[in-house]
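This briefing is meant for a reader who is meeting this structure for the first time. Please look over the sequence and the model below before going through the points that follow.

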Amino acid sequence: STKAILAVGEMIKLCFSLCMVRREQQREASRPQPGGLGVGWLLHTLYRLSLTSATMAVPALIFLAMNLLSFVALRRISASAFTLIQQSKIVFTAVLSRLLLNKALSMARWRALLTLLFAVLIICNQTGPSAGACAESSKEAAAQAFGLEQARTYAVGVAAVATEAALSGLSNVYFEKVLKSTTLSLWERNVQLAAYSLLIYVPMAYGAPPFS
């Protein structure tokens, strides 16, 4: 199922992030610590990180919504259109950085972002199905209804990927704000994020039917 795929991905991210945390600690220590990922060290690290992990529940929920929206969009639009429209996340990230982090951007960068936004809008218009073309090629009502249904399906897919891009920008800005307000490293925050994601995905995967 899609939930199982997400759960496996978060499990891999958790293991990799723990390895990087261990590597950082060995590098910062006066001498390398013997042994690999010992059980004692692992339990201590997870307990220590759990004490300051509440803020990472928010991006975990955002990533859940993003992943589900991605599956919704890919069922309705092509992978190429999905990839191109998803680039609008750069625009959302810039706008939210200005609003939430007070980051200033030069006029040249704003013009570049507007150009990117217009390019995405043109792609949405050019790659979408045309209900009018279907109606002209066949006068039958069934053909026209099929064209309208295709247009509606495409619109839902575009709306899903656009929402996913907006949430991606929000998660990036929120994650940056959290990193700037704490002494924890990037990998330690990734451990917290992956742990929260697993708490969400594993129960969903367990209850989901296969290939759903």
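## Briefing on the predicted model

Asparagine 102 is placed in the loop between α5 and α6, and it is a convenient spot from which to begin reading this model, which is predicted. The residue has a positive phi of about 60° although it is not a glycine, and this can be set beside the general pattern that most residues other than glycine have a negative phi. Asparagine 102 is also exposed, because its relative accessible area is 60% and the cut-off for that class is over 50%.

**Overall make-up**

- The secondary structure of the chain consists of nine helices and zero strands, so that, read from the N terminus on, the elements run α-α-α-α-α-α-α-α-α.
- Of the 212 residues in the chain, 31% are buried.

**The largest pocket**

- The volume of the largest pocket comes to about 170 Å³, and its lining is made up of Glu10, Phe63, Met66, Asn67, Ser70, Phe71, Leu74, Gln86 and Glu164.
- Helix α3, which covers residues 57-74, gives the most to this lining, with six residues.
- Sorted by class, the lining of the largest pocket holds four nonpolar, three polar and two charged residues.

**A nonpolar patch on the surface**

- Val95, Leu99, Leu100 and Leu170 together make a nonpolar surface patch of about 320 Å².
- Helix α5, spanning residues 89-100, gives the most to this patch, with three residues.
- Leucine 99 is found in helix α5, and it counts as exposed because its relative accessible area of 60% lies in the class defined as over 50%.

**Salt bridges**

- Side chains of opposite charge can pair when their charged atoms come close. In this model the count comes to five salt bridges, and three of them are described in the points below.
- Glutamate 10, which is also among the residues that line the largest pocket, meets lysine 13 in a salt bridge between their side chains, at 3.1 Å from N to O.
- Both glutamate 10 and lysine 13 lie in helix α1, residues 2-28, where they are three residues apart, or about one turn of the helix. Glutamate 10 counts as buried at 10% relative accessibility, whereas lysine 13 is partly exposed, with a relative accessible area of 27%.
- Glutamate 188 and arginine 48 form another salt bridge through their side chains, at 3.0 Å from N to O. Glutamate 188 lies in helix α9 (residues 186-207) and arginine 48 in helix α2 (residues 39-50), so this pair ties together parts that are 140 residues apart in sequence.
- Within that pair, glutamate 188 is buried, with a relative accessible area of 10%, while arginine 48 is partly exposed, with a relative accessible area of 27%.
- Glutamate 176 and lysine 180 also meet in a salt bridge, with their side chains at 3.1 Å from N to O. Both of these residues lie in helix α8, residues 141-180, and they are four residues apart, about one turn of the helix.
- Glutamate 176 counts as partly exposed at 23% relative accessibility, and lysine 180 is exposed, with a relative accessible area of 58%. Salt bridges that share partners join Lys103, Glu176 and Lys180 into one network.

**Positions brought together from separate parts of the chain**

- Valine 161 is found in helix α8, and it counts as buried because its relative accessibility is 0%, where the class is defined as under 20%.
- Although valine 161 and leucine 84 are 77 residues apart in sequence, their C-alpha atoms are 9.9 Å apart in space.
- Alanine 112 is found in helix α6, residues 107-127, and at 44% relative accessibility it counts as partly exposed.
- The C-alpha atoms of alanine 112 and valine 91 are separated by 9.4 Å, while the two residues are 21 residues apart along the chain.

Note on methods:
Residues numbered from 1 in each chain as written. Predicted model: local features only at pLDDT ≥ 70, side-chain atom pairs only at ≥ 80, totals over all residues. Heavy atoms only, no water. 1 Å grid on protein atoms, 1.4 Å probe; cavity = no way out; pocket = protein on both sides within 12 Å on 5 of 7 lines; lining within 4 Å. Points joined across faces, edges and corners; volume = space filled by probe spheres on them. Helix = DSSP H or I, 4+ residues; strand = E, 2+ residues; numbered from the N terminus. Nonpolar A, V, L, I, M, F, W, Y, C, P; charged D, E, K, R; others polar. Patch = residues over 30% accessible without salt bridge, like charges linked within 9 Å, V, L, I, M, F, W, Y side chains within 5 Å. Areas by Shrake-Rupley, 256 points an atom, 1.4 Å probe, with all protein chains shown as cover. Salt bridge = Lys/Arg side-chain N within 4 Å of Asp/Glu carboxyl O. Buried < 20%, exposed > 50% of the residue type's maximum accessible area, 1.4 Å probe, protein only.
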